[in-house]
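Me: I am new to this structure and would like to know what the terms used for it rest on. Please go through them one at a time.

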Amino acid sequence: MLVKVKSIGLLTGKPIIILPKEIAKWLNVNVGDRLIINKYGEKKKIIAIIDITKTEEKADYVYASDEIIGYLNLKEDDIIEINPAQKPLSVLYIREKLDGKRLSYDKLLEIMKSIVDNGLTEAEIAYFISSTYIRGMSKEEILSLVKAMVDVGQKIKFNYKYVLDKHCIGGIAGNRTTPIVVSIVVAAINELKLNAVMPKTSSRAISSASGTADVIELLANVEFDLEEIKKIVDKAKGCLVWGGSLGVSPADDKIIQVERLLNLDPKSQLIASILSKKISIGSNRLIIDIPYGKGAKIETKKDALELKNLFEYVGKKFNLKTKILLTDGSQPIGNGIGPCLELIDVLKVLKNSKDKPEDLYKKAMYLAKELLSLVINKEKAEKVVEKVIKNGKAYEAFKRIIREQKGNIKELTPSSIFSEIKAEKKGKIIEIDNKKINFIARILGCPADKYAGIYLIKHVNDQVDKNEIYAIVYAETKEKLDYGLKVFKELKPIIIK
């Protein structure tokens, strides 16, 4: 069917086509069905999800989201061809997984292709995530899932002997080690003249108060294409960019969007998500931080060891030299929780300030030493890490990365709308729950509200006096602050005994 197209002027996160009810009736389609769309006379096609409107206008127009307009290079009133699309075979394969069957590489590849091509609705992707969460995946399935994710995306190759990387499985409030580790490692690369780089691609927050990309974009651009990243890395020996703009493992980015809605992060998907992106950007030396403890994603050492073994198994199969580190995830790391507050912590560590958060400093130093020890001997790694922090070279490396990413260092202060949390009694802090703290930070506006969040003055085992301030909550509106304080009071994320 040939129709004219109008833009609805919205980025919806996926291709959406809105049909007048008469056209929908003629095509015999319903809300949530799919259409194949192409500009009249051209071969390039896109699959879009249908919505329906009861417009009174003459039914020779359809309305397209900006994803369709941009992809097909359409202008107002262009003629497009629309035809119903059949449900992809991947829907059947998702049903098989829900029934507990194991999926082959070919079937997982078909699912990944359908996700990338917008052939699956959010509901169908949610069923796939739920099936892997409920049914689990075998080692062979996880290998196939990683390979399928890599194969449907772009790949990047850096012309260096060592391509270093690190990743944390997340879930720990604060814990903004990545910018510090990248800066230290890049400074060490320059100091030792290593044939190495550290092109760090990071995610945005899924369930936490912020991701590394959410933090760094306070200072610099984080969205670049592959060629731009190569140029940045050649000049700065590293980068701190958002992985979602690169087209590497693109299925994972769409899966993550649905995981945010479900607040689910299945173990198999977690492994595939991390390793597919590392493989796609050519990493060959990798450390993975698995924090565990009460309130973390992984609560027991047994589960942490199981995940460690899976990461090692999959990494080895893809010739990726990987070191898995089990760390303390029983409480937040650092003082700040939220983009601005976390970045303030990062800068204090890189400047080696006297008031830097010691726990964040120690953890970042440990991770940097462990990563460098995959390239040089451990004693040498320890010495150079200490040196580049003390002589300011790590901070200089950070500034160079920010500059190459079209940014600059600036003074940072959190929102002026805040409230101090005071102890109702004298005692000792015995627990700070990561999940509750992250949840409250998101209610306060994080990560979208960059200057919102929670600042922890005290940590577990610290003593507090009655009426002493042990935390400060920030929001960008009075309404969010009031609601955040209400939830803070109800959830009691910090326990004083």
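**Cavities**

Reply: The largest cavity holds about 580 Å³ of space. The model is a predicted one.

Me: What makes this space a cavity?

Reply: A space is called a cavity if a 1.4 Å probe fits in it but cannot get out. With a lower limit of 30 Å³, the count comes to 3 cavities.

Me: Which residues lie closest to the centre of the largest cavity, and how many line it?

Reply: The lining has 39 residues, and His167, Cys168, Ile169, Gly170 and Ser203 are the closest to the centre. Two or more lining residues come from each of β7, β8, α10 (250–262) and α11 (267–280). The most come from α11, which gives 6 residues.

Me: How do the residues of that lining divide by class?

Reply: They divide into 10 nonpolar, 19 polar and 10 charged. Gly170, one of the residues closest to the centre, belongs with the polar ones, because glycine is put in that class.

Me: What is known of the second largest cavity?

Reply: About 140 Å³ of space lies in the second largest cavity. Among the residues that line it are Gly13, Lys14, Ile49, Asn118 and Glu122. The elements giving two or more residues to this lining are α5 (122–135) and α10, and α10 gives the most, with 3 residues. By class, the lining has 5 nonpolar, 4 polar and 3 charged residues.

**Helix pairs**

Me: Why are α4 and α10 called roughly perpendicular?

Reply: The axes of α4 (residues 105–116) and α10 cross at roughly 70° and come within 9 Å. Angles of 65 to 115 degrees count as roughly perpendicular, and α4 and α10 are therefore given that name.

Me: Which residues make α4 and α10 meet?

Reply: From α4 there are Met112, Ile115 and Val116, and from α10 there are Pro250, Ala251, Lys254 and Ile255. This contact has 6 nonpolar, no polar and 1 charged residues. Ile115 and Lys254 also line the second largest cavity.

Me: What word fits the angle between α7 and α16?

Reply: Helix α7 (residues 178–192) packs against helix α16 (residues 393–404) at about 105°, with the axes 8 Å apart. The range for roughly perpendicular is 65 to 115 degrees, so α7 and α16 are roughly perpendicular to each other. The contact includes Pro179, Val182 and Ile184 of α7 and Ala394, Phe398 and Ile401 of α16. In full it divides into 9 nonpolar, 1 polar and 2 charged residues.

**Sheets**

Me: What makes β9 and β11 edge strands?

Reply: The 5 strands of this open sheet come in the order β9-β8-β7-β10-β11, with parallel pairing. β9 (238–242) and β11 (321–328) each have a single partner strand, so one side of each is left without a neighbour in the sheet. On average, neighbouring strands are turned by 20° against each other, direction ignored.

Me: How do you know that β7 and β8 pair?

Reply: Pairing calls for at least two bridges. Strand β7 (residues 162–168) and strand β8 (residues 196–202) have 2 bridges, in the parallel sense. In one of them, Val163 has Val197 of β8 as its bridge partner. Helix α7 lies across β7, β8 and β9 and runs at about 165° to β8. That angle is over 145 degrees, so α7 counts as roughly antiparallel to β8.

Me: How are the strands of the other open sheet, β16-β14-β18, ordered and paired?

Reply: Its 3 strands stand in that order, with antiparallel pairing. β16 (463–464) and β18 (494–496) are the edge strands, as each pairs on one side only. Strand β14 (residues 427–432) and β16 share 2 bridges, and Gln463 in β16 is the bridge partner of Lys428.

**Backbone details**

Me: Why is the bond between Cys446 and Pro447 worth a remark?

Reply: Most peptide bonds are trans. The one joining Cys446 and Pro447 is cis, with omega about 0°. Pro447 is in the loop between α17 (434–443) and β15 (453–456).

Me: What is the phi of Asn73, and where is Asn73 found?

Reply: Most residues other than glycine have a negative phi. Asn73 is not a glycine, yet its phi is positive, about 55°. Asn73 sits in the loop between α2 (66–71) and β6 (79–84).

Technical notes:
Residues are numbered from 1 along each chain as its sequence is written. This is a predicted model: local features need pLDDT of at least 70, side-chain atom pairs count only at pLDDT 80 or more; totals for chains, interfaces and linings use all residues. Side-chain values use heavy atoms; hydrogens and water are left out. Axes are lines fitted to C-alpha atoms, for helices over the stretch in contact, and angles run from 0 to 180 degrees between N-to-C directions. Helices (H or I, at least four residues) and strands (E, at least two) are DSSP runs, numbered from the N terminus. Angles under 35 degrees count as roughly parallel, over 145 as roughly antiparallel, 65 to 115 as roughly perpendicular and the rest as oblique. Contact means heavy atoms within 4.5 Å. On a 1 Å grid over the protein atoms alone, a cavity is a set of points where a 1.4 Å probe fits but cannot get out, and a pocket is an open set with protein on both sides within 12 Å along at least five of seven lines; lining residues have an atom within 4 Å of a point. Grid points are joined across faces, edges and corners, and a volume is the space filled by probe spheres set on the points.
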